[in-house]
Amino acid sequence: MEVVDLGELHGDVWLFGGVYSNFSALEAFLNAATDVPTSNLLCSGDVVAYCARGEACVQKLRDRGGPVLAGNCEVQIAAQADDCGCGYSEGSTCSILSRGWYAHALKTISPASRDWMAGLPERIIFTHAGQRWVLVHGAASEIARFVWPVTSDGEISAEIALLRNQVGLFDGVIAGHTGLQMDRTVDGVRWVNPGALGMPANNGRAKTGYAVLTEQGLRMEQLAYDPAEEIKAMKAAGLTQGYHETLKSGWWPSEDTLPPEMRRNLR
């Protein structure tokens with residue numbers, strides 16, 4: 001397991017993940033972060049996924065710099081694997097829909113970008129305002145494990161214990177993968193998910209999410225941007241499985257990955 005320790009970071013730290021090949025959202029985010037030092041832009045992985053412009057997103061992040069964690073999509077694309085490794089149940093709608101966008105990503109990502117993905121770390125550690133934080137993608141036990149806002153304390157506690165065995169003591173975890181913002185404290189450890197930059201949070205709003213860690217604490221942020229160019233690019237690429245509509249509607253084309261209590265029909 002490759003672990004990168006960034007040492008102590010000063011000033012605001014902008015946390016994001018789930019760019020999902022959405023170049024318009026990434027560009028809007030980076031424009032908002034113009035004054036943020038490169039070292040303080042931390043990505044929890046899945047730069048490439050549902051949308052059409054994955055290669056452009058990779059190039060933009062590499063040009064701007066900033067630490068990037070390996071997500072399951074980066075691992076799979078680097079290996080030129082047959083699927084995204086997202087952890088979807090076999091035969092689920094999400095699994096079926098993933099075949100289209102993953103095939104597009106695999107076809108359009110350059111060999112140089114695949115090499116970059118292959119070199120990304122599996123854990124990133126940093127210290128900020130006296131607190132030690134560690135970035136994982138899904139969880140300590142599995143890169144594509146979903147840790148939801150409703151995941152039990154016991155399950156999160158087990159992940160914290162395993163992560164301590166991997167990297168030592170820490171005060172907080174920054175995770176990704178689910179695409180949903182989350183801020184929980186279990187066993188005295190804060191588990192934070194900044195949300196996904198490239199896809200709405202299945203809440204009927206087109207805005208996407210990120211987080212900012214300040215000297216005073218952590219705040220969840222919403223990103224407003226115009227998805228028109230992204231939708232146009234997705235249609236041109238034939239990526240019309242429903243995620244192109246999500247960028248406007250704020251609703252996912254399927255909820256079968258979500259825990260039952262988080263699905264709209266049970267709210």
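In this predicted model, the contacts of L26, leaving aside residues up to four places away in sequence, are with F16, V19, C57, K60, L61 and L197. L26 itself is part of helix α1, and its relative accessible area of 0% places the residue among the buried ones, because buried means under 20%. Along the chain, L26 and P227 are 201 residues apart, yet the separation of their C-alpha atoms is 11 Å.

Two of the residues touched by L26, namely C57 and L61, lead to helix α2, which spans residues 54-64 and in which G54, C57, V58 and L61 are buried. These four residues are on the same side of α2, because the arc that they cover around the axis is only 100 degrees. The packing partners of the buried residues of α2 are β2 (13-16), α1 (23-32) and α5 (111-118). Just after α2 comes G65, whose phi is positive, at about 85 degrees.

Further along the chain, attention turns to the pairing of strands. Strand β4, formed by residues 123-128, and strand β5, formed by residues 131-135, are paired in the antiparallel sense, with five bridges between them. Within this pairing, H128 stands opposite Q131 of β5. The two strands form a hairpin in which two residues lie between β4 and β5, and in the turn A129 takes a positive phi of about 50 degrees.

Strand β5 is also joined to strand β6, made up of residues 172-174, by three bridges, and here the strands run parallel. One of the paired positions is that of L135, whose bridge partner in β6 is I174. Between β5 and β6 the chain passes through helix α6, residues 153-167, and the resulting β-α-β crossover is right-handed. Strand β5 therefore takes part in two pairings, an antiparallel one with β4 and a parallel one with β6, when the criterion for pairing is at least two bridges between two strands.

Charged side chains provide a further set of contacts. Side chains of opposite charge can pair when their charged atoms come close. In the model, the count of salt bridges comes to seven, by the rule that a side-chain nitrogen of Lys or Arg lies within 4 Å of a carboxyl oxygen of Asp or Glu. One of them is formed by R145 and E155, for which the closest N and O atoms are 2.9 Å apart. This pair links distant parts of the chain, since R145 belongs to the loop between β5 and α6 and E155 to helix α6, ten residues apart. Both partners are partly exposed, R145 with a relative accessible area of 26% and E155 with one of 36%.

R145 also forms a salt bridge with E159, the closest N and O atoms of this pair being 2.6 Å apart. Because E159 lies in helix α6 and R145 in the loop between β5 and α6, the pair ties together parts that are 14 residues apart in sequence. E159 is buried, with a relative accessible area of 3%, whereas R145 is partly exposed at 26%.

Another salt bridge is found between E255 and R264, whose closest N and O atoms are 2.9 Å apart. E255 counts as buried at 13% relative accessibility, while R264, with a relative accessible area of 35%, is partly exposed. As for shared partners, R145, E155 and E159 are joined by their salt bridges into one network.

Technical notes. Residues numbered from 1 in each chain as written. Predicted model: local features only at pLDDT ≥ 70, side-chain atom pairs only at ≥ 80, totals over all residues. Heavy atoms only, no water. Buried < 20%, exposed > 50% of the residue type's maximum accessible area, 1.4 Å probe, protein only. Arc of directions from axis to C-beta. Contact = heavy atoms within 4.5 Å. Right-handed = clockwise from strand over helix to strand, strands pointing away.
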